[in-house]
Amino acid sequence: MCKETANAPYNIGFILFEYKNEPAQALPYFLQAISINPNYIEAIYMSGLCNEKTGNQELAIKDYRAALKRNPNFELATEGLKRLGEKP
């Protein structure tokens, strides 16, 4: 599949997260986007945010660090780590 195909599950996940306030239901869509494009930084970050909102801090930290590994200047992931009391 082409990397652009990852946008479809990402968009569904974003709608579920942002407009329906359903992070647990949104997470599988972000994971699907990541499986299509493992370097989809925004999807990795949103996976972390879903994990954070559903109380899975360890996975959230892992996701935020994965996003920062791909782009050390990705500020949203840095902020996520700080919210969880972690150093970027």
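Student: Which side chains meet in a salt bridge at 2.8 Å, N to O?
Tutor: Glutamate 52 and arginine 83 do. Keep in mind that this is a predicted model.

Student: Where in the chain are glutamate 52 and arginine 83?
Tutor: Glutamate 52 belongs to helix α3, while arginine 83 is in helix α5, residues 75–83. They are 31 residues apart, so the pair links distant parts of the chain.

Student: Is glutamate 52 buried or exposed?
Tutor: Buried, because its relative accessibility is 15% and the cut-off for buried is under 20%.

Student: And what does arginine 83 count as?
Tutor: Partly exposed, with a relative accessibility of 43%.

Student: How many salt bridges does a search of the whole structure find?
Tutor: Two. The other joins the side chains of glutamate 86 and arginine 65, at 3.1 Å from N to O.

Student: Which parts does that pair tie together?
Tutor: Arginine 65 sits in helix α4, residues 57–70, and glutamate 86 in the segment after α5. Those parts are 21 residues apart in sequence.

Student: What do glutamate 86 and arginine 65 count as for accessibility?
Tutor: Glutamate 86 is partly exposed at 30%. Arginine 65 is partly exposed too, at 35%.

Student: New topic. How many residues does helix α2 have?
Tutor: It has 14, running from 23 to 36. From first C-alpha to last, α2 reaches 20 Å, close to the 20 Å expected.

Student: Which residues of α2 are buried?
Tutor: Pro23, Ala26, Leu27, Phe30, Ala33, Ile34 and Ile36.

Student: What covers them?
Tutor: The cover includes α1, residues 7–19, and α3, residues 41–53.

Notes. Residues are numbered from 1 along each chain as its sequence is written. This is a predicted model: local features need pLDDT of at least 70, side-chain atom pairs count only at pLDDT 80 or more; totals for chains, interfaces and linings use all residues. Side-chain values use heavy atoms; hydrogens and water are left out. Helices (H or I, at least four residues) and strands (E, at least two) are DSSP runs, numbered from the N terminus. The expected span of a helix is 1.5 Å times one less than its number of residues. Buried means under 20% relative accessible area, exposed over 50%, partly exposed in between (1.4 Å probe, protein chains only). Contact means heavy atoms within 4.5 Å. A salt bridge is a side-chain nitrogen of Lys or Arg within 4 Å of a carboxyl oxygen of Asp or Glu.
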